[in-house]
Amino acid sequence: MMWTDKYRKAFALSYDDGVYQDVRLVKILNQYGLKCTFNLNSGLMNPPYVWESDGVRIERMPPEMLPELYRGHEIASHTVSHLDLTQLSDGELFSEVIDDRHALEALFGQSVRGFAYPYGNTGKRVKFLLNMCGIDYARGVKSTYSFELPEDMLDIAPTCRHKEDEIFDLARQFIEWQPDSPKLFLLWGHSYEFDMQRGWERFERFCELMAGHDDIFYGTCGEVLAKGGELYG
Ligand SMILES: [Zn+2]
């Protein structure tokens with residue numbers, strides 16, 4: 001059964017890079033019954049990869065803590081080593097995507113058919129090759145500020161990023177709306193961004209607002225976007 005048999009609205013989240021701040025994010029999501037897709041780089045989990053942005057320390061988590069942490073959510077590919085696919089040869093692209101899928105499938109014991117573009121970069125050649133790598137849907141980074149279901153599953157634009165000013169207005173609009181056809185609110189970001197500018201507090205208020213509505217389906221990106229049925233666990 002597809003969610004659209006029962007619902008006209010779906011809310012999904014998509015978070016990238018598998019960093020330590022995901023521990024706090026997952027706790028909040030689980031508390032509110034929200035589902036997320038985590039886009040991971042299997043080649044950057046060991047040894048720990050650390051960097052800094054706006055004074056916030058960012059570190060990717062080791063693989064052994066991830067299956068337990070992300071239980072109940074979807075795992076998707078973000079390439080083995082976070083490379084811009086448009087800069088790779090066909091062969092390099094294949095190994096960055098297929099090797100990542102296989103490593104994540106082995107680690108998590110779930111089918112990996114989703115993808116998020118590193119740096120949001122894609123194109124006609126990239127999409128063609130991704131499809132050959134067994135990827136069913138791929139998310140970019142450019143906000144639409146709208147709730148239309150994507151037409152091109154390999155070029156999915158999210159509704160917005162959590163740190164944008166519009167999220168509360170969009171949430172209220174979505175909650176009050178009674179559309180005639182299926183609509184999707186797709187939010188994306190990186191959990192380390194919550195460490196900046198009181199982001200956690202703001203995000204919790206947002207989750208409180210969005211969660212618990214009988215007429216909204218809360219699913220992972222895979223559950224919301226899968227065409228043919230329940231491919232994703
Ligand atoms: Zn990324």
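Two strands count as a pair here if DSSP finds at least two bridges between them. Keep that in mind for a later stop on this tour of a predicted model.

**The whole chain**

Start with everything selected. The protein chain holds seven helices and ten strands. Its radius of gyration is 17 Å, close to the 17 Å that the globule rule gives for 233 residues, so the chain is as compact as a globular protein of that length. Turn the C-alpha trace along its principal axes and you will find a span of about 45 × 40 × 30 Å. Of the 233 residues, 39% count as buried. Among contacts with a separation of 6 or more, 68% come from residues 24 or more positions apart.

Now colour by confidence. The mean pLDDT is 94, and 97% of the residues reach 70 or more. Residues 228-233 are another matter: their pLDDT is below 50, although the stretch has 13 contacts in the model beyond near neighbours in sequence. Where pLDDT is low, the predicted coordinates should not be read in detail.

**Residues 50-59: a hairpin**

Select strand S3 (residues 50-53) and strand S4 (residues 56-59). The two run antiparallel and are joined by four bridges, which meets the requirement of at least two for a pair. Pick Val50 and you can follow its bridge across to Glu59 in S4. Two residues lie between the strands of this hairpin, and Asp54 in the turn has a positive phi of about 50°.

**Residues 90-108: helix H3**

Next, select H3, a helix of 19 residues. From first C-alpha to last it reaches 27 Å, close to the 27 Å expected at 1.5 Å a residue. Show the side chains of Leu93, Glu96, Val97, Asp100, Arg101, Leu104 and Phe108, the buried residues of H3. Looking down the axis, you will see these buried residues fall within an arc of 115°, so they line one face of the helix. The spacing makes sense, because an α-helix has 3.6 residues a turn and residues three or four places apart point the same way.

What do the buried residues of H3 pack against? Add strand S2 (36-40), helix H2 (66-69), strand S5 (74-77) and helix H4 (124-132) to the view, and you have their packing partners. Rotate to the other side of H3 to find Gly91, Glu92 and Ala106 exposed. Just past the end of H3, Gly109 takes a positive phi of about 65°.

**Leu130: a look into helix H4**

Stay with H4 and pick Leu130, which lies in this helix. Leu130 is buried, because 22 other C-beta atoms lie within 10 Å and 20 or more are enough to count as buried. Put a distance label between the C-alpha atoms of Leu130 and Val97: they are separated by 7.5 Å, with their positions 33 residues apart along the chain. Leaving aside neighbours within four places in sequence, Leu130 is in contact with Val97, Phe115, Ile135, Ala138 and Leu154.

**Residues 167-176: helix H5**

For the last stop, select H5. Here Ile167, Leu170, Ala171 and Phe174 are buried. They cover an arc of only 100° around the axis, which puts them on the same side of H5. Their cover includes strand S1 (9-16), strand S8 (160-161), strand S9 (183-189) and helix H6 (199-210). Turn to the face away from that buried side, and you will meet the exposed residues Asp169, Arg172 and Glu176.

Technical notes. Residues are numbered from 1 along each chain as its sequence is written. This is a predicted model: local features need pLDDT of at least 70, side-chain atom pairs count only at pLDDT 80 or more; totals for chains, interfaces and linings use all residues. The radius of gyration is taken over C-alpha atoms; the globule rule is 2.2 Å times the number of residues to the power 0.38. A residue is buried if 20 or more other C-beta atoms lie within 10 Å of its own, exposed if 12 or fewer, and partly exposed in between; C-beta atoms are placed from the backbone. Two residues are in contact if their C-beta atoms, placed from the backbone, lie within 7 Å. The expected span of a helix is 1.5 Å times one less than its number of residues. The arc is that of the directions from the helix axis to the C-beta atoms. pLDDT is the predictor's confidence in each residue, from 0 to 100.
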